[in-house]
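Please review the helix packing in the structure shown below.

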Amino acid sequence: MAAGGLVTLGETMALFTGERAGPLRHADTMRVGIAGAESNVAIGVRRLEHPAAWIGRVGADELGQLVLGRLRAERVDVEAAVVDREAPTGLMLKEHRTADLARVSYYRRDSAGSRLAPGDLDEARIRAARVLHVTGITPALSRTARAAVHAAVETARAAGVPVSLDVNYRAALWSPQQAGAELRDLARHAELVFAGEEEAELVVGAGGGAEQAAAALAGLGPRHVVLKLGAKGALAVTDGRLHREPAVAVRAVDPVGAGDAFVAGYLAGLLDGGAGADCVRLGARCGAFAVTVPGDWEGMPTREELDLLRHGDGTVLR
């Protein structure tokens, strides 16, 4: 069992992406991969040399084996994953409708991942972790998945394990009213909260910009509140101190996964023992790496690669 690092739980799906721009109906080749906010974070933390474990359900099918195989290849601990023989692995389709616009479709209703339940949790892993990471996606999947998230949070808090929450609001899964109430409750039990500016306002109902939204989130109790602001960088409030971090300038290829990479970098910085400013800086660098290549997690850096962004366009390292 990989102890002492990150433990996370949620749904990871198989991902099929059209190889060229245009409607998916015209695709003749597709790239096969996996996608899931929580497992993306686990991969990013693991690449930065901290233990990471993922708890979830996959179907007893080829797509389930794809998910587990890819996570094992990234050295993520999946020993606590459940293979569900009564439901299929969830599926995500991604098309680049134009060169600058991507669309995704989810097929996750009644999937194995949506059947996650409190009985699936490996409480020993959670108690042995240094951080438990959850997102606002999982409690929206089903009543049992919501119960699993709350049970994991309660187990972590009882053991003194910090809880990390990424709001990750998905409008297709639940209404703003449902999400706001649920996520406020989770934020009150979290040590770290990550959100976009609009997501923060969904949770706390604050207006007036990023600083006010971050302050309102911090008022719920988290020691670390981080707003991911895309091209405008990030804003972090840590133990009452405000820190702004500019975005790292890179040529973006695929923006999907940037937020998860940022969270992975921030949590890895925390596991390194870094201060809030160090964590948000590492998060920004990881987010920049993620957008430079296609895929949700493939571009996340190893620790040895972190300085590569200082090289200019067209550099060849020999």
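The briefing that follows covers two helix pairs and one further helix.

This is a predicted model, in which local features need pLDDT of at least 70, side-chain atom pairs count only at pLDDT 80 or more, and totals for chains, interfaces and linings use all residues. Residues are numbered from 1 along each chain as its sequence is written, and side-chain values use heavy atoms, with hydrogens and water left out.

**Helices α1 and α8**
- Helix α1 (residues 37–47) packs against helix α8 (residues 258–272) at an angle of about 45°, and their axes (lines fitted to C-alpha atoms over the stretch in contact) are 8 Å apart.
- α1 is therefore oblique to α8 (neither under 35 degrees, nor over 145, nor 65 to 115).
- In this contact (heavy atoms within 4.5 Å), Ala37, Asn40, Val41, Gly44 and Val45 of α1 meet Asp260, Val263, Ala264, Leu267 and Leu271 of α8.
- The residues of the α1 and α8 contact comprise seven nonpolar, two polar and one charged, where Asp, Glu, Lys and Arg count as charged, Ala, Val, Leu, Ile, Met, Phe, Trp, Tyr, Cys and Pro as nonpolar, and the others, Gly among them, as polar.

**Helices α8 and α9**
- The axes of α8 and helix α9 (residues 276–290) come within 7 Å and cross at roughly 145°.
- Residues of α8 including Phe262 and Tyr266 meet residues of α9, among them Cys279 and Leu282.
- By class, the contact of α8 with α9 holds 12 nonpolar, five polar and one charged residues.

**Helix α2**
- Gly64, Leu66, Val67, Leu68 and Leu71 in α2 are buried (under 20% relative accessible area, 1.4 Å probe, protein chains only).
- Those buried residues pack against β2 (13–18), β3 (30–35), α1, β4 (52–55), β5 (57–59) and β6 (82–84).
- Arg75, just after α2, takes a positive phi of about 65°.

Conventions
Axes are lines fitted to C-alpha atoms, for helices over the stretch in contact, and angles run from 0 to 180 degrees between N-to-C directions. Helices (H or I, at least four residues) and strands (E, at least two) are DSSP runs, numbered from the N terminus. Buried means under 20% relative accessible area, exposed over 50%, partly exposed in between (1.4 Å probe, protein chains only).
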